[in-house]
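Subject: Structure for your review

Dear colleague,

Please find below the structure that I am handing over to you. My account of what was found in it follows directly after.

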Amino acid sequence: MTWTEVVQIMAGFVGSLGFAILFNIRGKRLAAAAVGGLFSWLLYVLLSDCITGEVVVYFVVACIISLYAELMAVWLKTPTTTFIITSLIPLIPGSSLYYTMTSAFQSDPTVFLQRATHTLQLAVALALGIIAVTTLARLSNRVLRRLHRQ
């Protein structure tokens, strides 16, 4: 791991911490939200070396971070969205969206469509990762409740 990557991971922590403060999260929840941001960018850096395709990396990281958010929500008795939103802040495809808009204003429709498609794929990968884990968590909760009733 290079020094640049370490700085990026720390920036993921600070960025998530900032959003957690903005969302008025306090105490243990604040620390868990910030660590989630650190963890999400760390996973992105590590998985980018192992998995080809940025969209697949986004999906896998979103799944793992959503699982982290589900676990933190149970442990800290807080809604899951508190941790999902703040932990995935470092993965929001801001630079991709910036370059998409730049190519749109430069009147280059081919490059614009390529970049817009890529940006949309990244956003959908994040959403699908969250949906997949959240759905599985809800299903497992229902099954556990039914087993507990019997």
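This is a predicted model. Counting ring pairs whose centres lie within 6.5 Å, one arrives at five aromatic pairs. One of them joins Phe19 and Phe23: the ring centres are 6.1 Å apart and the planes meet at 55 degrees, which makes the pair tilted. Phe19 has a relative accessibility of 33% and therefore counts as partly exposed. Phe23, at 43%, is likewise classed as partly exposed.

Another of the pairs is formed by Tyr44 and Tyr58, with 5.6 Å from centre to centre and 85 degrees between the planes. Because planes over 60 degrees apart count as edge-to-face, the pair of Tyr44 and Tyr58 is assigned to that class. It links distant parts of the chain: Tyr44 belongs to helix α2 (residues 27-50) and Tyr58 to helix α3 (residues 54-76), with their positions 14 residues apart.

Are these two tyrosines, Tyr44 and Tyr58, buried or exposed? The cut-off for buried is under 20% relative accessible area. Tyr44 has a relative accessibility of 14%, so it counts as buried. Tyr58, at 5%, is buried as well. Ring pairs also bring in Trp41, which forms a cluster with Tyr44 and Tyr58.

Both tyrosines reappear in the nonpolar interior. The largest nonpolar core comprises 28 residues, and Tyr44, Tyr58, Val61, Phe83 and Leu91 are those with the most contacts inside it. At least two residues of this core come from each of α1 (3-22), α2, α3, α4 (80-87) and α6 (109-149). Helix α3 provides the largest share, ten residues. Apart from neighbours within four places in sequence, Tyr44 is in contact with Glu54, Val57, Tyr58, Val61 and Leu91.

As to the chain overall, there are six helices and zero strands. The C-alpha atoms fill a box of roughly 65 × 30 × 30 Å along the principal axes. Of the 150 residues, 35% count as buried. Among contacts between residues at least 6 apart in sequence, 64% join residues at least 24 apart.

The accessible surface of the protein chain is about 9400 Å², and carbon and sulfur atoms account for 69% of this area. Finally, the chain carries 10 positive and 5 negative side chains, and the centres of these two sets lie 27 Å apart.

Yours sincerely

Note on methods: Residues are numbered from 1 along each chain as its sequence is written. This is a predicted model: local features need pLDDT of at least 70, side-chain atom pairs count only at pLDDT 80 or more; totals for chains, interfaces and linings use all residues. Side-chain values use heavy atoms; hydrogens and water are left out. Rings of Phe, Tyr and Trp (its six-membered ring) pair if their centres lie within 6.5 Å; planes under 30 degrees apart count as stacked, over 60 as edge-to-face and the rest as tilted. Buried means under 20% relative accessible area, exposed over 50%, partly exposed in between (1.4 Å probe, protein chains only). Helices (H or I, at least four residues) and strands (E, at least two) are DSSP runs, numbered from the N terminus. A nonpolar core is a set of buried Ala, Val, Leu, Ile, Met, Phe, Trp, Tyr and Cys residues joined through side-chain atoms within 4.5 Å. Contact means heavy atoms within 4.5 Å. Accessible areas come from the Shrake-Rupley method with a 1.4 Å probe; for residues, only the protein chains shown count as cover. Lys and Arg count as positive and Asp and Glu as negative; His and the chain ends are not counted. The place of a charge is taken as NZ of Lys, CZ of Arg, CG of Asp or CD of Glu.
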